[in-house]
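Please find below a short colleague's note, set out as numbered points to be read alongside the model.

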Amino acid sequence: RHRRGERELSGKYVATTGVQREASKMRILVGVKRVIDYAVKVRVKPDKSGVEKANVKMSMNPFDEIAVEEAIKLKEAKVATEVVAVSVGPQKAQETIRTALAMGADRGVLVQTDDDVEPLDVAKIFQKIVDKEKPDLVILGKQAIDDDSNQTGQMLAGLLSWPQATFASKVEADGKNLKVTREIDGGLETLAMVAPAILSCDLRLNVPRYATLPNIMKAKKKPMESMSPADLGVTLDPRLTVLSVDEPAVREAGVKVESVEELVSKLREKGCIPE
């Protein structure tokens with residue numbers, strides 16, 4: 001029989017030290033973005049240069065909430081020892097980080113800039129944060145609901161030359177060995193990889209927890225580091241120019257019909273079915 005703290009090696013029992021057990025655990029970096037709340041009706045600026053953000057409710061990107069929840073679950077399962085929440089954005093993005101801390105993250109890092117940051121620049125900033133923090137796993141939302149780019153995770157994996165699993169709907173971890181189920185057009189695909197790695201979260205991965213009032217109060221005392229892109233040696237280099245932002249086309253009112261015959265007639269009038 002195995003005694004506590006021992007493992008079998010070549011037919012012999014070898015004591016496993018706390019240091020060895022700790023070495024198999026991970027530090028997780030999780031990205032959080034401040035976006036217009038998903039329940040807010042977005043309004044386009046009169047000059048069509050963008051959308052109105054003044055006096056609009058902002059919150060954490062929903063896919064990033066899923067990423068934070070997954071990181072916390074891995075910590076609760078004793079797979080990870082620390083969860084670090086990172087955001088790139090204005091000073092008010094501190095509120096987004098505090099939300100992640102209230103959910104259960106251990107500390108936060110804000111890379112402060114008032115400029116619009118494109119996915120490649122975000123990936124370069126995260127690359128520098130990874131070099132500094134030495135995490136074993138980076139978890140991101142698959143996309144942000146403001147620009148829907150779905151690029152940062154893939155670009156970061158390329159910059160770091162780390163394996164990646166995008167659109168994750170299930171994550172299983174045994175130490176640093178990961179098995180990730182991801183959603184693809186044809187169904188589900190399962191990937192096996194060894195950390196360090198990049199994950200991006202899909203909608204069905206989990207249901208994020210609500211931050212309780214005691215944890216919201218505790219989050220105010222958790223450490224948060226602030227820096228600029230220049231502090232990390234990153235120069236923001238926009239490559240895209242927004243030409244115009246327009247409201248979606250107004251949907252036409254529907255028509256009620258009294259019978260199947262009338263429905264077929266209307267469809268023929270619209271050219272949806274042949275005469």
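The points below take up the basis of the model, its sheet, the helices on that sheet and one pocket.

1. The model is predicted, so local features need pLDDT of at least 70 and side-chain atom pairs count only at pLDDT 80 or more, while totals for chains, interfaces and linings use all residues. Residues are numbered from 1 along each chain as its sequence is written, and side-chain values use heavy atoms, with hydrogens and water left out.

2. Nine strands form an open sheet of mixed pairing in the order β11-β10-β9-β12-β8-β3-β6-β7-β13, where strands are DSSP runs (E, at least two residues; helices are H or I, at least four) numbered from the N terminus, and two strands pair if DSSP finds at least two bridges between them. The edges are β11 (187-194) and β13 (224-227), each pairing on one side only. Within the sheet, β9 (residues 164-174) and β12 (residues 197-201) run parallel and are joined by three bridges, with Gln164 standing opposite Ile198 in β12.

3. Helix α4 (residues 119-133) lies across β3, β6, β7 (107-112), β8 and β13 and runs at about 155° to β3; contact means heavy atoms within 4.5 Å, and angles run from 0 to 180 degrees between N-to-C directions, the axes being lines fitted to C-alpha atoms, for helices over the stretch in contact.

4. The second largest pocket (an open set of points on a 1 Å grid over the protein atoms alone, where a 1.4 Å probe fits, with protein on both sides within 12 Å along at least five of seven lines) is lined by 21 residues, of which Asp37, Ser59, Met60, Glu65 and Thr99 lie nearest its centre. Lining residues have an atom within 4 Å of a point, and α3 gives the largest share, four residues.
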